[in-house]
Each structure stands twice: as C-alpha cells, then as structure tokens.
Amino acid sequence: MHWIFLFHAGSALAGAFAKASWYFRRCARGDLSLPASNAWPEQQNRRWKHYFYGTTYLAAVFCLLRGYSRNRAEKRRFGQLSALACFFDDLADTFRHHDGSAAPPGDPEQYGQAADPGGTAVHLLHTLYRDLPPENLPEFKTFLHRVFKLETDGRQQNGQALPLEELQRLTAEKGGCSALLFRRLLDHPLPEAEQEALFQFGALIQLCDDIFDLWFDRQNGIATLATLLCEQNKLPLLQQYFDRQTGITIHAFRQTPYPRLQVETALRAIHFLVSITRVCLNHYRDLQKKRGTLPLDNRSDMVVDMEQTLNRFRAMLKLFNKLL
C-alpha cells in the first residue's frame with residue numbers, strides 16, 4: 001500500500017506544481033490587484049516566486065488531506081499571502097535597523113504602515129481581509145498575530161543564548177502557526193484534530209528548514225535547534241528531535257476525520273520533505289564522522305544542494321523506506 005499512496009502523492013504534487021507554474025506566469029501578479037503607483041521590482045518578484053512555490057507544497061498537502069484541489073479564489077488568496085509574507089520578511093530587519101527601536105508597532109497593519117510608506121504591505125493585507133470568507137477571518141487574524149509577534153520579537157536574532165526547550169517551542173510555534181495561517185485561506189472547515197495535525201506539520205517544516213539553513217542561520221546570527229545542537233556537536237540529538245517530530249506529525253494526521261486514502265496520501269506527500277531532509281542530515285553525519293566535528297563555517301561543505309543529481313537520487317532512495 002505504501003507504493004500506491006506514494007504514487008498518488010507524487011502525481012498530485014507534480015500536478016500541483018505544474019498548475020502553480022502556469023498560474024504564476026499568467027495570473028498571480030494580476031491577482032495581487034496592486035495600484036499602478038506601487039512598484040514591484042524584479043528582485044522582489046524572484047523572492048515572491050520562492051515563497052509562492054513553498055506555499056504550493058503546503059496547499060498540495062492540505063488538499064490531499066481534504067480530498068479535492070483549490071478553487072480559483074483559494075489560489076488567489078495563497079498568491080496574495082505568499083506575496084505578503086515575502087514583503088513582511090523584507091521589511092522586518094530593515095525597519096528595526098533604521099528605526100533603532102527594540103519594540104515594533106503592535107500589530108501587522110501598524111507595522112506595515114510604519115515600515116512601508118509606499119503602502120504595498122497594507123494593500124496586500126487589506127485585500128486578503130476582503131477576500132477571505134467572513135467566518136475564517138477571526139482565526140486568520142489570530143494566527144497572523146501569533147506569527148507576526150514571533151517574527152518581530154527577534155528573540156532568535158539578538159545574540160542571546162536561548163535554552164533548548166525555548167528554541168523547540170519557538171520552532172513549533174513559528175512553523176505551526178504559519179501552516180495554520182495558510183490553511184485558513186481555504187473555504188473548507190478546520191476541525192480541531194486537523195488543526196493539531198497541521199500545527200505539527202508546520203513545526204516539522206520549520207525544523208526541516210532550520211536543518212537545511214544551518215550554515216546561513218549561523219552566518220546571520222540566528223539561533224535555531226539546528227545551530228545550537230550542531231555547535232555543541234550533538235548531531236545525533238538533532239536527528240532524534242527530527243525523528244520525534246516526524247512521528248508526532250504522522251500520528252496527528254491519522255487522528256484527523258478524513259478517509260484513510262486521503263490521510264495516507266497526504267502523509268506520503270510529507271514523506272517527500274522528510275526524505276530530502278534525511279539526505280541533509282546524513283550529509284552532516286558523514287562530515288562529522290570524517291572530520292570529528294562539523295565544519296560549520298565552511299559553506300561549500302555545509303550547504304546541501306538538492307539540485308544536484310546525486311542528492312536527488314539519494315532522496316529518491318529514501319522514498320522507498322517507510323514513513324519512519
């Protein structure tokens with residue numbers, strides 16, 4: 001059965017990304033409904049494309065779980081929110097640097113008005129508010145404020161040494177709330193069991209990102225579970241955290257009120273992400289075994305490029321394995 005679910009998941013992911021590519025080229029920019037006066041430089045467009053395809057993966061997992069793909073309005077919202085996320089990430093560090101203030105404005109709208117006099121961020125936010133089903137808006141705002149607080153507090157970026165438990169909590173909160181924020185863009189109701197499953201899925205995604213971004217985060221002074229444990233030469237503990245979060249996510253998905261075919265197919269879509277992350281962890285393990293410790297400041301050694309054919313082949317081999 002693993003192979004049947006995996007085939008369905010792989011086909012669905014391929015189809016989702018093909019449709020997303022067409023939509024991004026033909027419709028996505030127009031669906032932002034930006035005023036003619038709002039500049040959108042090419043560099044911003046490239047960054048948005050990266051965010052857009054990341055959220056396409058999220059949407060594919062959500063839709064495999066519920067059993068049907070996004071409608072036109074849902075696609076439009078995902079494009080708008082991915083653009084907003086990209087724009088806010090660019091604003092965050094810049095505004096703190098120029099303003100010199102430790103405390104940013106208290107909510108996303110105030111922050112957008114203060115950090116972006118051009119008004120693009122607030123325009124995108126208000127467009128989303130208008131476009132969302134009214135019954136989804138309160139939860140959407142709740143998740144948005146939780147993500148906003150984490151991003152602007154900068155606790156992981158101020159050079160302060162954070163305990164392992166706090167980093168674990170911040171990782172889960174940031175990833176989990178981000179996933180739920182995008183899930184609220186769908187018209188489909190959000191049962192409590194699904195909310196828990198997607199929170200855990202988001203936490204897993206964030207941990208995967210932190211594992212891949214180990215070198216970049218250290219260069220930027222960002223503290224994560226991956227940077228802390230690898231600096232302490234505790235790579236096996238990082239592997240344990242990853243395996244545990246994978247297991248928690250699998251269990252939570254199997255508690256959702258959806259048919260087994262949909263749940264197991266969604267889990268195989270997650271298996272793609274887990275497999276490529278295992279390639280990265282195995283690379284770190286081999287480096288540590290060879291050198292006794294990880295060469296954390298060596299970019300060419302530490303950065304794992306999944307565009308390389310060998311790494312893709314390794315990830316494909318890992319897909320043959322069971323979920324855990």
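**Loop residues with positive phi and the α2–α8 contact**

At a relative accessibility of 35%, N233 is classed as partly exposed, a value that falls between the limits of 20% for buried and 50% for exposed residues. The model is a predicted one. N233 lies in the loop that links α10 (225-231) and α11 (235-253). Its backbone carries a positive phi, near 60°, although the residue is not glycine. Most residues other than glycine have a negative phi.

A positive phi is also found at S33, another non-glycine residue, with a value of about 55°. S33 is placed in the loop between α1 (2-31) and α2 (42-66). With 44% relative accessibility, S33 is counted as partly exposed.

Helix α2, which follows the loop holding S33, packs against helix α8 (residues 192-212), and the two axes come within 12 Å of each other. The axes of α2 and α8 cross at roughly 150°. Angles over 145 degrees count as roughly antiparallel, and α2 and α8 are therefore assigned to that class. The crossing of these two helices, α2 and α8, is right-handed.

On the α2 side, the contact is formed by Y57, L58, V61, F62 and L65, which meet E194, L198, F201 and I205 of α8. Eight of the residues in the contact of α2 with α8 are nonpolar and one is charged, while none is polar. The charged residue is E194 of α8.

Note on methods. Residues are numbered from 1 along each chain as its sequence is written. This is a predicted model: local features need pLDDT of at least 70, side-chain atom pairs count only at pLDDT 80 or more; totals for chains, interfaces and linings use all residues. Side-chain values use heavy atoms; hydrogens and water are left out. Helices (H or I, at least four residues) and strands (E, at least two) are DSSP runs, numbered from the N terminus. Buried means under 20% relative accessible area, exposed over 50%, partly exposed in between (1.4 Å probe, protein chains only). Axes are lines fitted to C-alpha atoms, for helices over the stretch in contact, and angles run from 0 to 180 degrees between N-to-C directions. Angles under 35 degrees count as roughly parallel, over 145 as roughly antiparallel, 65 to 115 as roughly perpendicular and the rest as oblique. A crossing is left-handed if the near helix is turned anticlockwise from the far one by less than a right angle, and right-handed if clockwise. Contact means heavy atoms within 4.5 Å.
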